[in-house]
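Here are some comments for you to read with the model open beside them. Please take the points in order and find each place on screen as you go.

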Amino acid sequence: MTTRYANILKPLHLGFTTIKNRVVMGSMHTGLEDRFYNYPKLAAYFGERAKGGVGLIITGGISPNRQGWLLPAGGTMNNLADVAPHRLVTHAVHKHGAKILMQILHSGRYGYQPFVVSASPIKSPISPFKPRQMSEKQILETIEDYAHTASIAKKAGYDGVEVMGSEGYLLNQFLSRHVNQRTDRWGGDIENRMRFAIEIVKAIREKVGEKFIICFRLSMLDLVHDGNTMQEVITVAQALEKSGVTLLNTGIGWHEARIPTIVTSVPRAAFADYTAEVKKHVAIPVIASNRINMPETAEEILAAGKADMVQMARPLLADAFWVSKTATNRVDEINTCIACNQACLDHTFKNKRATCLVNPRAAYETELVYVKTKAPKKIAVVGGGVAGMSAATVAASRGHKVTLFEASHEVGGQFNLAKVVPGKEEFHETIRYFKVQIERTGVELRLNTRVNREQLEREGFDEVVVATGVIPRALKIAGSQAPQVLSYAEVLRGAAVGNRVAVIGAGGIGFDVSEFLLKPEHQPQPQPLADWQREWGIDPNPNYISEGGLQAAEVAHPVREIYLLQRKTTPLGIGLGKTTGWVHRAQLKKHAVKMLRGVQYQSITDEGLWIKTNGYDQLLRVDTVVVCAGQESVKEIMPTEDEFTLANYHIIGGAKLAAELDAKRAIREGAELAAKL
Ligand code: NAP
Ligand code: SF4
């Protein structure tokens with residue numbers, strides 16, 4: 001079969017072994033690796049991705065000793081007893097011809113536990129624990145621990161290890177002046193700062209021999225003050241190559257950096273040029289990373305010679321069959337990662353098992369199973385938002401005869417609103433994915449059809465899934481019927497908005513709408529890379545001489561004056577996702593949005609919005625009031641308990657519960673219900 005993606009599918013020969021294509025599933029902590037009884041689930045998770053065609057997999061981080069734990073009693077490998085569970089994983093992957101590396105991660109001062117150590121005793125802004133400075137003896141012991149862990153990984157059947165040297169973890173802490181302020185042979189100039197990483201690689205190579213992959217994940221852009229320059233990055237890369245590294249992987253930004261590196265508003269392939277710069281100076285294969293989620297982007301990077309492989313972690317959670325769909329020209333069937341972090345990284349930071357918003361089977365492969373039905377039923381799904389589409393397509397894929405009713409002219413529901421928010425363009429992909437699934441699975445789609453219960457009963461459905469979603473909650477104060485009062489849905493659908501605006505309600509949608517109103521109407525979407533770099537203060541020169549690649553940010557003048565208001569007295573936006581909320585808060589702050597809390601709404605008049613704060617009446621002179629005060633469920637079609645119906649009725653998503661409505665719950669509820677029908 002001819003393919004547009006020849007570079008992605010080309011094997012990579014490493015001399016002693018061959019990786020069958022150029023796709024690396026990057027390391028992502030799922031939470032399953034920390035407990036041995038979860039290894040069968042971990043094996044199923046990786047096995048499915050290997051079956052889906054990925055060439056190389058890198059596990060979540062496993063610590064070489066207890067000082068390196070990310071969390072108390074985190075996954076560690078320093079004992080032969082650790083071999084057996086890991087063999088389940090390596091076997092599951094090798095069965096499908098993929099290779100797998102175990103990542104060795106010492107968290108250093110990012111550990112969320114009391115044994116933390118680092119280059120210097122400097123606390124990180126994202127952990128409450130102050131690290132102890134490592135002594136010479138501890139450094140030498142840790143080098144041994146890395147080598148020992150790698151040798152056990154080899155016994156467990158891994159094809160190699162990845163040494164985590166980026167994202168601000170221990171080795172990155174030694175590599176950069178940001179944390180390394182030592183004056184001994186492990187600190188000072190770059191030759192000394194890199195000594196620890198280099199000695200680790202040499203010790204591993206000596207222990208495991210030549211025919212074992214050592215991949216090193218190197219921070220190519222620290223994005224923190226006192227971070228390395230590109231020249232220093234290249235010096236380290238060349239020394240790593242000389243010490244025996246087989247593959248050089250890209251890390252971008254420390255976790256504490258205040259510049260987004262993976263969220264959905266980061267342009268696709270935003271950092272590939274920094275990898276390309278390093279690649280010019282080494283002969284070993286180099287892997288590009290961050291915001292590569294679709295084959296076009298991956299192919300472009302490889303075809304331009306910017307990297308030898310492309311790494312994707314979240315996109316392979318979203319779709320285990322990303323590679324095989326690419327190889328068989330079924331790219332429109334890919335369930336695209338929308339870089340929302342809501343079910344993966346936000347879960348990890350809450351110590352919950354990582355999964356995926358658009359693919360609830362990720363890391364639940366043995367629990368959420370779609371079995372072909374032996375007794376096909378006639379199923380109606382009412383509502384074509386993500387909950388309804390998830391239920392309809394899973395049920396149809398199992399062999400049921402499914403009809404999907406949608407009152408409007410298009411499917412997508414709330415995602416049709418989200419996709420117009422600047423930086424949320426990826427939401428288009430989810431709608432495209434479901435549309436293709438609807439066709440592929442044979443769901444009968446009836447658009448512009450507001451169905452009622454009588455009609456459903458008449459058509460003789462066995463099961464009815466009510467996924468009728470939500471409507472925006474209206475404001476109930478004097479003047480709220482005035483024409484200058486708009487719902488968020490009206491605004492996102494293009495209603496005219498004045499220059500001075502009050503946004504009522506500071507949940508995810510209040511933030512989204514504020515960002516939408518800050519930008520000029522006809523700004524190109526997605527945001528061009530150069531504009532985005534300017535706005536966040538990233539040095540666009542791949543051969544940057546600025547420390548950590550930082551430069552002064554330049555923020556365009558906002559096109560509107562905006563107040564964002566809430567009744568609660570807590571800081572605005574604290575309920576947003578852990579890994580994304582800070583980006584939204586920073587955006588609004590930079591654009592001078594005035595955030596008020598503890599507000600009581602009084603009335604809306606021709607002069608503006610009257611509020612009360614701290615006991616005082618205040619007039620906000622605004623032209624438009626946008627209401628983002630949550631939603632209410634739409635569920636008239638759902639029978640009450642004592643009503644007799646021929647079909648069985650089920651309710652999911654926002655129709656079931658509007659509070660804390662979110663797409664993650666909606667898609668999962670749809671899939672879980674359909675798996676059981
Ligand atoms: P939300 O998070 O529930 O926020 C609505 C806000 O409106 C509340 O925080 C509440 O704050 C205020 N409110 C509620 N009733 C009100 C009333 N009667 N009058 C005035 N204010 C009222 O809902 P949302 O913003 O609509 O978002 C819905 C869901 O979408 C969220 O749960 C989230 O998961 C998801 N989402 C997330 C993001 C993101 O993470 N970036 C973006 C978009 C959507 P006060 O009571 O304090 O005023
Ligand atoms: Fe991607 Fe969101 Fe899924 Fe994470 S939860 S893998 S960011 S789509």
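1. In this predicted model, a good place to begin is Arg 353, which, when residues up to four places away in sequence are not counted, touches Thr 30, Leu 32, Lys 41, Ala 343, His 347, Ala 363, Tyr 364 and Glu 367. Arg 353 itself is placed in the loop between helix H13 (345–349) and strand E13 (378–382).

2. Two of these neighbours deserve a second look. The side chain of Glu 367 makes a polar contact with the side chain of Arg 353, at 2.9 Å, and a polar atom of the Arg 353 side chain also lies 2.7 Å from the backbone oxygen of Ala 363.

3. Ala 343, which Arg 353 touches, is also one of the residues around ligand 2, where it is joined by Arg 314, Cys 337, Ile 338, Ala 339, Cys 340, Asn 341, Cys 344, Cys 356 and Leu 357. Sorted by character, this shell holds eight nonpolar residues, one polar and one charged, and the space that ligand 2 takes up is the largest cavity.

4. For the wider setting, an unreviewed UniProt entry annotates residues 8–332 as "domain: NADH:flavin oxidoreductase/NADH oxidase N-terminal". In the model, that stretch is 35% helix and 16% strand, with its end C-alpha atoms 17 Å apart.

5. The unreviewed UniProt entry also places a feature called "domain: FAD/NAD(P)-binding" at residues 378–641. Over those residues the chain is 27% helix and 23% strand, and the end C-alpha atoms are 22 Å apart.

How values were computed
Residues are numbered from 1 along each chain as its sequence is written. Chains are lettered from A and ligands numbered from 1 in the order in which they are written. This is a predicted model: local features need pLDDT of at least 70, side-chain atom pairs count only at pLDDT 80 or more; totals for chains, interfaces and linings use all residues. Side-chain values use heavy atoms; hydrogens and water are left out. A residue is near a molecule or strand if one of its heavy atoms lies within 4 Å of it. On a 1 Å grid over the protein atoms alone, a cavity is a set of points where a 1.4 Å probe fits but cannot get out, and a pocket is an open set with protein on both sides within 12 Å along at least five of seven lines; lining residues have an atom within 4 Å of a point. A molecule sits in a cavity or pocket if more than half of its atoms lie within 2 Å of its grid points. Ala, Val, Leu, Ile, Met, Phe, Trp, Tyr, Cys and Pro count as nonpolar, Asp, Glu, Lys and Arg as charged, and the others, Gly among them, as polar. Helices (H or I, at least four residues) and strands (E, at least two) are DSSP runs, numbered from the N terminus. A polar contact is a pair of N or O atoms within 3.5 Å; within protein, one must be able to donate a hydrogen and the other to accept it, and residues adjacent in sequence count only if both atoms are side-chain atoms. Contact means heavy atoms within 4.5 Å. UniProt positions are given in the numbering used here, feature names are shortened, and annotations may be inferred rather than shown by experiment.
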